[in-house]
Amino acid sequence: MAAVTSKGKTVILASAREALLKMEEPLCQQGYAVQICSDGAKALELSLRSFCALMVVDCDVPLLAAEKLAQILRANPRTEGMAFFFVGQEGEEIAGFRRHKDQFILRPFNREQLLTAIASFFGRRERTEQVSRQDREVTGSLDQISLVDLLQVFGLNRKDGVLQLTRGEERASVYLVEGCVVNARVGRVSGEKAFFRLLSWENGKFWFAPGVPEIETQIASPLDHLLMEGLRQLDELAAQRSSLPSAETLLTLKVPRDRLPRGLRPTTQEILLLMEYYQQVGDLLEHCPRPDFEILQLLKVLLDKGLVEEVQQVPAVEHLPLLTSEEVIAVKDFFGEGDALLETASAKLILLACDQGAVRAFAQTLQGVPEFEPESDFLLSGDTLGLGDIGRLLVGETLSLRLFCLPAATATSPLWTPFRRRLFGVAALGDDPGLQEAIAFFEGTAHVPVVRIDCNGTSPNHGHLLRRNDRKALRRFLADLASRFTGEPPPAEVI
Amino acid sequence: MAKGRILAIDNEEFFRSLYRDLLRGEGYYVRTATSGSEALECLRGEEFDLVVTDMHLPGLDGLAVTEAVRRVNPDQEIMIVTGQQDVSLAVEAMKQGVSEYLLKPINPDELLLVINKVLFRQSLGREHRRLLDENLEFVATLAYYRRCLIFLQIHDLDRLGDVVLDNLMDLLRAEGAALWVIGFGGHNYRLRCRRGLAQVAAGEESLQPDSGERQMILNGKGVLTAGGRTIFLPLLAGLEPLGVIRIEAPVGREHFNRRDLKVADLVAEFATSALYNLLLYRKLEQDSLRVPRGEAYTMAFFRDHVVKELHKGRRYGRRLSLVLLVIENYAELGNRFLDRDLEAAMVSLVETVNTALRDADILAMSGPDEYLIMLPETDYWGSLVTQKRIRKALRGKSTLCDLKKSHSIEVLMRSAAFPADGGTLEELLHVAERRLDRLRGSLFQRSRLGAMSFWGIVDRLLGTPAQYHLEADGSLGVAELLTGHEEDLRSRYIRMPEERLDEVMRTFCREVAESPRIRGVIYRGCVDFDVVRKCLRKTEGLESSATSIYLLGGRRRVTWDSQRIVPIYIEDENFRKTVFLLYLNEDFAYGLFARKRGSELVGFHTSDFYFIENLISRLQEQYQLQAQI
């Protein structure tokens with residue numbers, strides 16, 4: 001270990017040119033030990049003497065060419081780990097260039113960019129070293145020491161690192177910086193919500209990997225407060241369990257979205273919006289970033305107030321596949337990047353719209369479709385028409401359709417082109433005359449069929465009529481688009 | 001001619017005249033000396049086959065003379081004549097290396113017999129030495145020939161050059177050598193190979209021999225130049241000069257010598273025939289596969305080759321790109337210049353383009369103003385990189401001058417890739433032509449932005465705030481001066497909420513993460529790096545993608561632990577005034593420039609591929625960014 005630290009962050013700059021030698025000052029400012037020399041022979045001497053990790057060298061450095069220099073140093077066991085950044089002309093070739101380690105920098109170069117490249121080189125190196133010396137300092141089982149105790153020990157010792165936990169199939173991590181929990185993760189949930197859930201784990205294995213974790217800080221409160229709050233919520237949850245809705249309960253909104261009372265608290269609003277797509281309490285808990293206890297309490301209030309009601313088992317939907325496996329294969333073949341048939345891939349279904357209302361109406365028809373996974377950004381967005389993903393339809397094990405909303409106004413027309421990649425199809429929402437130009441564009445220039453969709457039933461002779469819980473219509477619509485990939489008309493049973 | 005040269009030494013006139021008369025009568029050349037010192041004087045001036053000396057001489061005696069002569073010429077045959085019969089003296093003389101020993105009085109027949117014998121023996125020895133020397137030289141020459149034989153087996157010009165130079169350096173014990181081969185038209189010689197420590201000065205890539213040098217070349221023999229420190233070795237086949245070699249830096253001695261020249265000439269002879277055959281072969285190939293003048297291939301060859309490559313591509317899943325290169329103002333140039341000048345310009349243009357291509361790329365001429373380049377194993381992105389390289393190589397070189405002013409040759413290029421754009425040569429050509437048409441209509445061509453800087457172009461597009469009218473209903477009015485930049489569905493002025501920019505950027509990042517293999521580059525000008533980073537939210541998918549995202553501007557230098565999202569701090573007021581987003585990938589491009597008006601952004605956006613491509617390269621040049629494309 002001592003050798004690693006003494007190697008430190010030493011950089012050798014070898015060049016007869018001003019531009020490269022001038023890098024010395026900013027590098028020193030960034031905390032690197034910098035050694036400069038103006039010829040290859042000197043560079044060789046310096047690198048053999050000092051343990052340095054990186055040499056930035058001009059290809060045509062005098063006395064000893066960079067290529068030769070690198071060759072000599074790589075052959076020496078003391079310096080074989082060195083990386084080289086070669087600075088040279090366009091089209092220069094360097095014998096023995098190692099793509100994974102060395103870099104070629106074109107002259108003239110931007111100082112800041114070179115600095116960034118050097119910083120990222122050392123960053124990467126540090127991480128590799130961390131991984132390689134990752135010795136499990138503490139391991140054990142939660143039966144013997146509870147998570148709370150464990151965290152308090154780490155807190156007292158002001159530890160940096162990641163606490164990994166496993167319980168059966170479940171995996172979780174708690175990230176610590178200077179003894180404070182900065183983030184936690186269980187499955188797809190992160191932040192305080194995840195941390196509070198973890199506090200209820202009473203058995204399982206854990207191990208601690210020291211080192212400063214690279215993670216976004218999502219928890220800001222001090223450890224003591226965090227633990228107290230978590231334990232309080234756990235206790236109360238246990239006490240009130242009987243009166244709170246259970247995870248299997250199915251709920252439904254009694255008032256439509258646009259008739260919701262004004263001035264709701266943000267959390268309440270969020271839950272109500274999510275409820276448009278998720279009916280089971282368990283799903284709501286998974287998808288809402290608020291702590292579980294808070295959600296359950298809110299749901300109870302909403303139930304009491306009558307905004308939400310409990311529904312009995314929904315009628316089992318006949319499980320009609322949205323796309324048959326032949327269709328999925330045809331689509332993947334069409335977009336195939338080599339032999340990626342087994343990898344998960346996505347294709348885009350563009351939704352052309354003139355206003356956000358049309359997009360919302362379309363999204364509502366997908367409620368209750370188990371394959372539909374809405375995007376939280378979209379759920380929480382305002383009433384102005386934006387662009388981007390509103391969600392995904394997981395049509396097969398390895399294929400998902402991205403539902404991608406694109407404004408149809410001509411002022412935004414330059415945006416139509418860049419999203420033409422991997423197009424499953426285009427759907428025009430509604431019958432606004434403003435859609436016409438965009439439809440012509442996609443049919444004419446992009447050669448993609450555009451299907452009109454009607455979600456309100458106002459113009460029944462115009463394209464596909466989609467309604468909530470009408471799985472057949474959705475299947476018909478997708479089969480129609482997929483026929484372009486299979487080269488055959490949609491299967492008879494869906495028409 | 002005399003039968004032999006004899007020097008006779010005797011202090012008695014009688015014997016001297018006896019020698020003279022007797023030996024001259026037999027056809028020998030005879031000189032006489034009265035004393036040892038006189039004899040030595042004679043030997044200094046002339047060479048003799050035999051020295052005949054009396055044993056008893058005043059001053060130096062016979063033995064002393066023998067010793068003195070031996071000192072000057074150890075091989076000298078010496079015969080001693082003496083009046084006394086003294087065995088010990090005779091033994092002493094024989095020890096000194098005297099060939100024969102004769103007693104006075106002299107019997108003429110005996111004397112002649114002995115002299116004949118000595119001279120015969122001497123000539124035998126000489127003959128033997130000569131044969132030995134000849135044999136040695138013969139063996140050495142044979143070794144040189146052997147080494148040079150390999151030249152004839154090489155069919156690649158560069159390799160031949162290297163081998164010739166290496167052999168020369170080895171045989172002459174020199175540390176450096178360079179070869180220039182005659183160029184098109186035979187006016188100049190172009191540097192082809194350079195080995196060892198050869199020093200080629202900046203202007204020497206192309207040698208333009210003056211009359212003296214031309215004479216040296218036509219002589220066809222190696223010449224010592226620079227006071228013997230270099231050898232100038234012409235390669236002359238008959239009367240046709242093929243090239244010039246310069247050998248430098250003799251090892252272990254200051255100068256090259258005559259022997260070196262001889263060896264060099266010998267090697268040159270071989271090298272010349274090998275080079276001659278090779279050039280002939282190349283010419284033959286050129287005549288059948290390439291257009292008569294210049295380095296471009298004929299279409300027949302090209303078509304055939306591309307079809308084969310396409311088969312290969314289909315079978316093994318390989319990629320291939322085709323670049324269409326058009327001289328846009330060929331007709332105009334044709335009106336202005338002589339055909340000969342125009343043709344020469346085209347030839348040199350093709351040569352320049354070839355310097356930017358890789359060895360496996362093939363350039364063919366499909367019309368006087370149209371060329372096709374096939375890039376094997378290259379996708380569309382790679383072909384864009386090639387085009388950029390060609391543009392760079394042509395910069396400053398694509399002009400034609402008449403007496404009054406110079407005219408630039410306008411070169412336009414566009415490419416199509418297999419299998420994305422089509423499966424046959426015709427389809428690919430069609431796609432490339434369509435793209436070329438679009439390029440002609442590109443904002444960059446239409447508005448003649450060619451010579452402007454990045455910010456110059458941006459300022460011109462965005463105009464001044466007074467040129468926009470923000471209507472209350474959210475629509476945007478733009479002054480007449482600016483609407484010229486607009487193009488139906490491709491380039492528009494836009495007004496949007498400020499957050500929309502982040503939303504667009506986020507969506508692009510999402511696209512990148514969903515198709516990670518597509519190569520591309522995103523440039524975003526920003527005021528604060530951290531704010532932009534935050535708005536990107538999920539960035540995990542980006543790290544494993546083939547797209548680089550650069551954030552430019554910022555308030556200060558920041559370091560992030562990310563390979564793909566790279567902040568580059570640039571202190572420039574412009575980044576604070578104008579935000580921009582440029583996205584270029586293998587298929588599409590998008591660019592947006594806007595200025596803040598209240599909580600809205602007002603600006604211009606476009607999906608004009610050629611425009612974005614050029615703007616990005618302007619940006620890279622301006623801030624010396626490493627070119628990703």
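In this predicted model, helices α10(A) and α12(A) count as roughly perpendicular to each other, because angles of 65 to 115 degrees fall in that class. The helices in question are α10 (residues 266-275) and α12 (residues 292-305) of chain A, and their axes cross at roughly 80 degrees, coming within 11 Å. On the α10(A) side the residues that meet the partner helix are A:T267, A:T268 and A:I271, while α12(A) brings A:E294, A:I295 and A:L298. Sorted by character, the residues of this contact are three nonpolar, two polar and one charged.

Next, the sheet. Chain A has an open sheet of six strands with antiparallel pairing, and the order runs β6-β11-β7-β8-β9-β10. At the edges of the sheet stand β6 (138-141) and β10 (189-190) of chain A; each has a single partner strand, so one side of each is left without a neighbour in the sheet. Further in, β8 (residues 170-177) and β9 (residues 180-186) of chain A pair in the antiparallel sense over six bridges. If you want a spot to click on, try A:L176, which stands opposite A:V181 in β9(A). A helix joins in here too: α8 (residues 192-199) of chain A packs on the sheet and touches β7 (161-167), β8, β9 and β10 of chain A. The direction of α8 makes about 80 degrees with that of β9(A).

Now for the place where the two chains meet. Chain B puts 37 residues into the contact and chain A puts in 34 residues. Which elements of chain B give two or more residues to the side that touches chain A? They are listed here:

| Element of chain B | Residues |
|---|---|
| β20(B) | 491-497 |
| α17(B) | 499-514 |
| β23(B) | 565-569 |
| β26(B) | 600-606 |

Of these, α17(B) gives the most, with seven residues. By character, the side of chain B that touches chain A divides into 15 nonpolar, eleven polar and eleven charged residues.

Last stop: A:H464, back in chain A, which lies in strand β20 (residues 464-465) of that chain. Is A:H464 buried or exposed? Neither quite fits: A:H464 has 17 C-beta neighbours inside 10 Å, so it counts as partly exposed, since buried would take 20 or more and exposed 12 or fewer. Leaving out residues up to four places away in sequence, A:H464 touches A:V451, A:I453, A:D454, A:A473, A:R476 and A:F477. One of these, A:I453, sits eleven residues away along the chain, yet the C-alpha atoms of A:H464 and A:I453 are separated by 4.9 Å.

Methods. Residues numbered from 1 in each chain as written. Chains lettered and ligands numbered in written order. Predicted model: local features only at pLDDT ≥ 70, side-chain atom pairs only at ≥ 80, totals over all residues. Pairing = 2+ DSSP bridges. Helix = DSSP H or I, 4+ residues; strand = E, 2+ residues; numbered from the N terminus. Contact = placed C-beta atoms within 7 Å. Axes fitted to C-alpha atoms, helices over the stretch in contact; angles between N-to-C directions. Parallel < 35°, antiparallel > 145°, perpendicular 65-115°, else oblique. Nonpolar A, V, L, I, M, F, W, Y, C, P; charged D, E, K, R; others polar.
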